[in-house]
Amino acid sequence: IMKPCSEYKCKSLGANCMLVNKGSGNETCVSVNVNDVTSPIIKPDKEVLTPPYTLEEVQDKSNPGYTIKENIPAFTPITLGIEMDEPATCKYDVKPGTDYDDMPTVFGSAQLLYKQTVTLSLTSELVQENVTKTNNGEYSFYIRCVDANNNKNMRDYFIRFKVDPTPDLT
């Protein structure tokens, strides 16, 4: 039987170990090695994507990301997810090139986790002053994450999708 991680158990693993997310039920022991200078590697979390939507991993100007293949009806909730190679907190913006510290919205939880998910009701979240609408009604979220050592992504990870242009008659 797995027992929850405690401060004592984590510290017993070595001086480079630190317990994060204390008191949350998601306590995780992470390495805070001073030699860790790499930011989290972000990949899609295909498991949480709302069915029947599917995604395709793509590269854009050397930035990785994914595109939702199907058009999403307006005001329909959809769950999007990412996973990282180390526990991280992530934020997003609708403008590319925004530094992590300047991004206005947390993607998922503010806790350091291996997976982050967010459920949005499009296009209600897109009715903002700074929303960038790209070609053919395509929208993008630009995500950056930070690990326990404060290593932040310098490049955007994006999620791109199209909102179905059909009028909502309901």
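# A tour of the predicted model

Select arginine 160 and phenylalanine 158 to start: arginine 160 lies over the face of the phenylalanine 158 ring, at 4.1 Å from the ring centre. The model is a predicted one. For a second contact of this kind, select lysine 91 and tyrosine 100, where lysine 91 sits over the face of the tyrosine ring, 4.9 Å from the ring centre.

**The whole chain**

Zoom out and colour by secondary structure. The protein chain has one helix and ten strands, and the helix comes before the strands in the pattern α-β-β-β-β-β-β-β-β-β-β. Of its 170 residues, 40% count as buried. Now show the surface: the chain exposes about 9700 Å², of which carbon and sulfur atoms supply 52%. Among contacts between residues at least 6 apart in sequence, 63% join residues at least 24 apart.

**Confidence**

Recolour by pLDDT. The chain mean is 85, and 85% of the residues reach 70 or more. Among the elements, strand S3 (residues 42–44) has the highest mean, 98, and H1 the lowest, 80. Then select residues 127–134, where pLDDT stays under 50. For this stretch the model has twelve contacts beyond four places in sequence.

**Disulfides**

Show the cysteine side chains. How many disulfides are there? The count comes to two.

Select cysteine 10 and cysteine 29, which form a disulfide with their sulfur atoms 2.0 Å apart. Cysteine 10 is in helix H1 (residues 7–12) and cysteine 29 in strand S2 (residues 28–31), so the bond links distant parts of the chain, 19 residues apart. The torsion about the S-S bond is about 80 degrees, so this disulfide is right-handed. Is each end buried or partly exposed? Cysteine 10 is buried, with a relative accessible area of 1%, whereas cysteine 29 counts as partly exposed at 24%.

Keep cysteine 29 in view and add cysteine 17. Why is there no bond between cysteine 17 and cysteine 29? The sulfur of cysteine 17 is 4.3 Å from that of cysteine 29, the closest cysteine sulfur, and this is too far for a bond, because a disulfide requires sulfur atoms within 2.5 Å. Cysteine 17 is buried, with a relative accessible area of 13%.

Next select cysteine 90 and cysteine 145, joined by a disulfide with an S to S distance of 2.0 Å. The link runs between distant parts of the chain: cysteine 90 is in strand S6 (residues 76–93) and cysteine 145 in strand S9 (residues 138–147), 55 residues apart. With a torsion of about 100 degrees about the S-S bond, this disulfide is right-handed. Cysteine 90 and cysteine 145 are both buried. Numbered in sequence order, the bonded cysteines pair 1-2, 3-4.

**Aromatic rings**

Display the aromatic side chains. The whole structure holds five aromatic pairs. One of them is tyrosine 66 with tyrosine 157, an edge-to-face pair at 6.3 Å centre to centre and 65 degrees between the planes. Tyrosine 66 is in strand S5 (residues 63–68) and tyrosine 157 in strand S10 (residues 157–162), 91 residues apart. Tyrosine 66 is buried, as is tyrosine 157.

Move to tyrosine 139 and phenylalanine 161. Their ring centres are 6.0 Å apart and their planes are at 25 degrees, so the pair is stacked. Tyrosine 139 is in strand S9 and phenylalanine 161 in strand S10, 22 residues apart. Tyrosine 139 and phenylalanine 161 are buried. Extend the selection to Tyr92, Phe107 and Phe141, which form one aromatic cluster with Tyr139 and Phe161.

**Backbone exceptions**

Switch to a backbone view. Most residues other than glycine have a negative phi, and most peptide bonds are trans.

Select proline 51 and proline 52. The peptide bond from proline 51 to proline 52 is cis, with omega near 5 degrees. Proline 52 is in the loop between S3 and strand S4 (55–60).

Then go to asparagine 21, in the loop between strand S1 (17–20) and S2. Phi of asparagine 21 is near 65 degrees, a positive value in a residue other than glycine. At 12% relative accessibility, asparagine 21 counts as buried.

The last stop is asparagine 150, in the loop between S9 and S10. Asparagine 150 is not a glycine, yet its phi is positive, at about 65 degrees.

Methods. Residues numbered from 1 in each chain as written. Heavy atoms only, no water. Helix = DSSP H or I, 4+ residues; strand = E, 2+ residues; numbered from the N terminus. Buried < 20%, exposed > 50% of the residue type's maximum accessible area, 1.4 Å probe, protein only. Contact = heavy atoms within 4.5 Å. Areas by Shrake-Rupley, 256 points an atom, 1.4 Å probe, with all protein chains shown as cover. pLDDT = per-residue confidence, 0-100. Phe/Tyr/Trp six-rings, centres within 6.5 Å; stacked < 30°, edge-to-face > 60°. Lys NZ or Arg CZ within 6 Å of the ring centre and 35° of its normal.
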